Amino acid sequence: NREPVMDMPVMHTLEHLGATFLRNDPVWGSQAVYLGPMGCRTGIYVILAGDRSSEEVLPLFRNIFSKIVAFEGDIPGAQPAECGNWREHNLDMSKWEARKFLSEVLANPGKDNLHYPEA
């Protein structure tokens, strides 16, 4: 709650790119269950099969978000036959958000970024 939420076109593009890169990852793709936006637009849910630690999946997230930053071309699945809201995308801002997440969180994560506080 420290900064504005991402707008829907940004979240939508992060979803399309992130899910594509996750499904096609040679190590993690077969364990991918879901990647999609949080309703509050503050982040993305990722569900993988198995019991994984944050440290274990950190390289996967770095890889996905690095690929989003470097992505050029047509957004996967952003065609009328594939997506009910295919016009609502923002690649440039999605790349900006991915770069920000990489530099502020994934490049040097601390314990606060890797573990939820005990209830």
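**Exercise 1. Locate Glu104 in this predicted model and decide whether it is buried or exposed.**

Solution. Begin with the secondary structure, where Glu104 is found to sit in helix H3. Next take the accessibility, for which the cut-off for an exposed residue is over 50% relative accessible area. Because Glu104 has a relative accessibility of 52%, it counts as exposed. Finally, consider its position with respect to Met6, which is 98 residues away along the chain, while the C-alpha atoms of Glu104 and Met6 are separated by 16 Å. The model on which these values rest is a predicted one.

**Exercise 2. Carry out the assignment for Lys100, buried or exposed, and state what it touches.**

Solution. Lys100 also belongs to helix H3. The cut-off for a buried residue is under 20% relative accessible area, and Lys100 is therefore buried, since its value is 18%. If the neighbours within four places in sequence are set aside, the contacts of Lys100 are with Glu3 and Val105.

**Exercise 3. Describe how helix H1 packs against H3, and name the residues that make the contact.**

Solution. Two packed helices are described by the angle between their axes and by the distance between those axes. For H1, which covers residues 8-23, and H3, the angle is about 75° and the axes lie 8 Å apart. Angles of 65 to 115 degrees count as roughly perpendicular, and H1 and H3 are therefore roughly perpendicular to each other. On the H1 side, the contact is formed by Pro9, Val10, Thr13, Leu14 and Leu17, and on the H3 side by Leu91, Met93, Ser94, Glu97 and Ala98. Sorted by class, this contact comprises seven nonpolar, two polar and one charged residues.

**Exercise 4. Characterise the largest pocket by its volume, its lining and the elements that contribute to it.**

Solution. The volume of the largest pocket is about 1,600 Å³. Its lining consists of 38 residues, of which Met38, Thr42, Gly43, Phe101 and Val105 are the closest to the pocket centre. Two or more lining residues come from each of strand E2 (44-48), helix H2 (54-70), helix H3 (91-106) and helix H4 (111-114). H3 supplies the largest share, namely seven residues. By class, the lining holds 23 nonpolar, seven polar and eight charged residues.

**Exercise 5. Place Glu118 in the chain and assess its accessibility.**

Solution. Glu118 falls in the segment after H4. With a relative accessibility of 76%, Glu118 counts as exposed. Glu118 and Gly77 are 41 residues apart along the chain, and a distance of 39 Å separates their C-alpha atoms.

How values were computed: Residues numbered from 1 in each chain as written. Predicted model: local features only at pLDDT ≥ 70, side-chain atom pairs only at ≥ 80, totals over all residues. Heavy atoms only, no water. 1 Å grid on protein atoms, 1.4 Å probe; cavity = no way out; pocket = protein on both sides within 12 Å on 5 of 7 lines; lining within 4 Å. Points joined across faces, edges and corners; volume = space filled by probe spheres on them. Helix = DSSP H or I, 4+ residues; strand = E, 2+ residues; numbered from the N terminus. Nonpolar A, V, L, I, M, F, W, Y, C, P; charged D, E, K, R; others polar. Axes fitted to C-alpha atoms, helices over the stretch in contact; angles between N-to-C directions. Parallel < 35°, antiparallel > 145°, perpendicular 65-115°, else oblique. Contact = heavy atoms within 4.5 Å. Buried < 20%, exposed > 50% of the residue type's maximum accessible area, 1.4 Å probe, protein only.
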